[in-house]
Each structure stands twice: as structure tokens, then as C-alpha cells.
Amino acid sequence: MKPIKNIVIILAVIGLLIGGFYWVNNFQPKEKTDDSATPSFAPSVIVSKIERDSIQKVTVNNEGETFTISKNGEDWLLNNDADVKLTSTGISSFLYDCATISAKEIIEENVTDFSVYGLDQPKRSVVIECSDGNTLTALVGNSSIDGSICYLMMEGQTTVYAKSSSGCSSLVIPMSKLLEKSIYSIGSDSIGTISLHKTGTEKVRLVNAFVKETEEGKIYEWRMEAPLIKVANDYNIREQMIEKIASLSANEVIPFPSDATDYGFASPQAVYTVSDLENTTSYTVTVGKDTDDGNTYVKLSDSKTVYTVPKDSISFIHLNYQQLVDSLVHVENIIDIAEINISGLGKSYHLTISGSDDNATYKINDKDIEEKSFKKAYQTIIGLSLSSFSKNPVTAASEFTIVYTKNDGTQVTVECIPYDDRNYVTKVNGEGNLVIRR
């Protein structure tokens, strides 16, 4: 009997397993699906639709601010004034909104009392004039209680629509959204000349001069032409001037200033001019007075438009010429030098370097000298330090001359010319006005 009993028990267990499996698959609660997780968007209602290229003129009345943009060839003019620069992306987006005016929904048709929606005397409107002579006028009335929508209608029609407040702000756009905030366009690597004149200081002129052509491209170096005639400090110029000049942008644009003298341009803080490497593009900027909120007024010399820029973005106008050059008259790297000849007042010195690294030998007047002593003498030679500059040409003969002969055979000549009883004027390869102590 035991085998039969065991078989019955096994069959019962199998039955329970089958039943459990059936229950799990058919009676376990299904995972809830949330239909609300799928966003649903109400389709927009097209209020008006025209070809964007057919738009010739748009007049905006935005709660008292009225202006027009009109097509002039391929350009768009603000109030027919070619002097005011408009942003191409802003114009393109605005024309798109004018060409296709849409709304969220229709509020009411066959309206007779427009005052309910603030459309009897709307404070905002857009008049769109097309090339075929057709004119469309969109009117914007009151906002809803929560401010999320505004009431809109087309003039001459009786249907009132609900349009998002942000959409209405894009259609009835403030003038400021269309104004170009870039004062000029010049790349940091394209700047060739900078002139800066600040009231009460010497005028500074910097030139990014061509040096030579290499496989990698053209090599330039910054040189000061006024008030000093000298190689400039490339790092200081790039860090303190170039990047700020190239990236200058306005916080606010004032396209039609009532009186430019109100902005400090009659007695400007500074005037600077920047030109490209080819000297084909040039901008002159007048820097007016500072504002109470950390900005400064600026304008281009050939434009009436006034801009406010962050005060620290034009901090370079406060640089003086000493901050843009090295204090040493002329520096040559010792590893590039083969020999140095110094002559003057009946004396002469001949310094030579041969070999390199541990095999280098040093001589003064053909006598061997220790590396340490030679380099000390070298530091003295290149240590000539400027104290000021000469404003007048110097015609006297040189009293001391230093000639550097480089490993590639080229030479650099530094002349020390008597200036007065206490000073020399130095010239490097015939150019210069640096004054040093005797």
C-alpha cells in the first residue's frame, strides 16, 4: 500500500504546483498604467498665416513704445535708420511669429462687446504690411487672472483667441529684443593695431607686426610705436587688452539718444581705435562716463547709438604704457647668441660662446672664462633698464654700441646716444626712443 500512498502524495503536490502557477499568471494584480504620464498637447489654432518673405514692414505698439522695422533690400531697418544695428536672429524669429500667428484656443466667436477682453482699446498691437498691399493687424488685450494667457484678435474680425503670454510677448516684441548688442565685430586673432588715448596720459599705439613666415603660418609680435618705440609685452597685451576688446558687448542699447552729451562724450574718459591685420576694417570707440550701477557709456565715432557696457570689460583703458612693455631695453636669449661686441669711449669687449650645454666654452677678449662669470657679465649687458622716453629726435652720434650676433648669423645693434648729462637714448637696429641712466 505504501507505493500507492506515495503516488497519491506526489500527484497532490504536482496539483498544488499547477494550481499555484495558474493563480500567479491569472490572479496576480497587474501593474497599473498611468495614462496621465503621456503628455497631451492641445492643438494650436492658426489665427493668421502668410508668407514670411512677403512681409515688407511691421509696426509694433507695445504699451506706448512704438517702432517700425522695414525691409531695405536684404536688410531690415529700425525706424528707417540705417545707423541702428539689428540682430539677424531676433529679426528672423520675429518675422516667423508675424507670418504665422497662432493661439491656444478660440475663446468666443461673433463678439460684440470687445471691452470684456480689453480689445476695444488695446494697448498692444502689431501691424503687418505685405508686398501685395495686404495689411494685417493683430490686437492684444487683457491678460487672464493668473497671467498665463492674453486675449488676441485680428482687426476687422469678431473672434477672440487665447494666446500664451510669452507668445504675445514674442509677437508684440520690445524694441530692445531686436537690437544688436555686439558693438563691433573683430576676432582676437585678427587685431592688427590698437591705439589708446586716455585724458591726461600719453597716447599708446600698438602694432601686431609681421615677423616671418613658417611652415605653421605667419609669425607676428606686438610692438609699441608710441610713446615708446619697443617690442611690447605680448602676454600682457593679450591678457589685459585683446580678449576684452574682441568680446566687448553691451548690456543695453540706446538707439536714439536724446542728447549724446548726457553720456559724457563731450569730455570722454578715453578714445581707442582697433583695426584688423590688413588695416581694412577699423573701429573707433569713445568711452563716456560711468553709471551708478557699474556700467560705462560707449559709442562708435561714426554712430549716434549709445551702449552701456560693464565697467570692468573696458578696464584696459586705464593701462599705462609701462604696463605693456618690459622694463629692459632689449633682451636676447643667451642660447641664441654666438658673440657680443661692445665698444665705446675707447674701450671694446668681445664675448663669444662656442659649443652647447656641458661642452660650451665662454670667452671675453679671447680669454677663457667660467660660465658663471660669463653669465653675470651677460646679465649686466642685457640689464639696461628704461627710465623714460625721448619726445624729440636725437641726432648725436652713438657713444656706446652693443652688437649681438646670433647663431643663425643675424645681428641686432643697440646704440647708446647721449641725451643729457645723466641719460642716454637707446636705439635698437636704428629705432627707439628709450631713455636710460648713464
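On a 1 Å grid over the protein atoms alone, a pocket is an open set of points where a 1.4 Å probe fits, with protein on both sides within 12 Å along at least five of seven lines, and a lining residue has an atom within 4 Å of a point. Grid points are joined across faces, edges and corners, and a volume is the space filled by probe spheres set on the points. The model here is a predicted one, in which local features need pLDDT of at least 70 and side-chain atom pairs count only at pLDDT 80 or more, while totals for chains, interfaces and linings use all residues. Residues are numbered from 1 along each chain as its sequence is written, and side-chain values use heavy atoms, with hydrogens and water left out.

By that recipe, the largest pocket comes out at about 920 Å³. It is lined by 32 residues, and E221, R223, V231, H330 and V428 sit closest to its centre. Two or more lining residues come from each of β12 (204-214), β13 (217-226), β14 (230-231), β26 (411-418), β27 and β28 (431-437); strands (E, at least two residues) and helices (H or I, at least four) are DSSP runs, numbered from the N terminus. The lining splits into 13 nonpolar, 7 polar and 12 charged residues, where Ala, Val, Leu, Ile, Met, Phe, Trp, Tyr, Cys and Pro count as nonpolar, Asp, Glu, Lys and Arg as charged, and the others, Gly among them, as polar.

The second largest pocket holds about 280 Å³ of space. Of its 15 lining residues, I342, T380, I381, L384 and I402 are the closest to the centre. Here β21 (347-354), α5 (371-382), β25 (400-406) and β28 each chip in at least two residues, with α5 giving the largest share, 3 residues. This lining has 12 nonpolar residues, 1 polar and 2 charged.

Overall, the protein has 5 helices and 28 strands. Of its 438 residues, 39% are buried (under 20% relative accessible area; exposed is over 50%, partly exposed in between, with a 1.4 Å probe and protein chains only). About 25700 Å² is exposed, 49% of it supplied by carbon and sulfur atoms, as given by the Shrake-Rupley method with a 1.4 Å probe. Among contacts (heavy atoms within 4.5 Å) between residues at least 6 apart in sequence, 55% join residues at least 24 apart.

T426 is a handy spot to zoom in on. This residue belongs to strand β27 (residues 423-428) and is buried, at 1% relative accessibility. Beyond its neighbours within four places in sequence, T426 touches V329, E415, C416, G432, N433, L434 and I436. Of these, C416 is itself buried, at 6%.

As for disulfides (cysteine sulfur atoms paired within 2.5 Å), the count is 0. For C98, the nearest cysteine sulfur is that of C130, 9.7 Å away; C98 is buried, with a relative accessible area of 0%.

A few backbone oddities round things off. Most residues other than glycine have a negative phi, and most peptide bonds are trans. N79 has a positive phi of about 50 degrees, and N80 one of about 60 degrees. N79 lies in the loop between β4 (75-78) and α2 (88-99), as does N80; N79 is partly exposed at 33%, whereas N80 is exposed at 59%. A cis peptide bond, with omega about 0 degrees, joins A226 and P227, and P227 is in the loop between β13 and β14.
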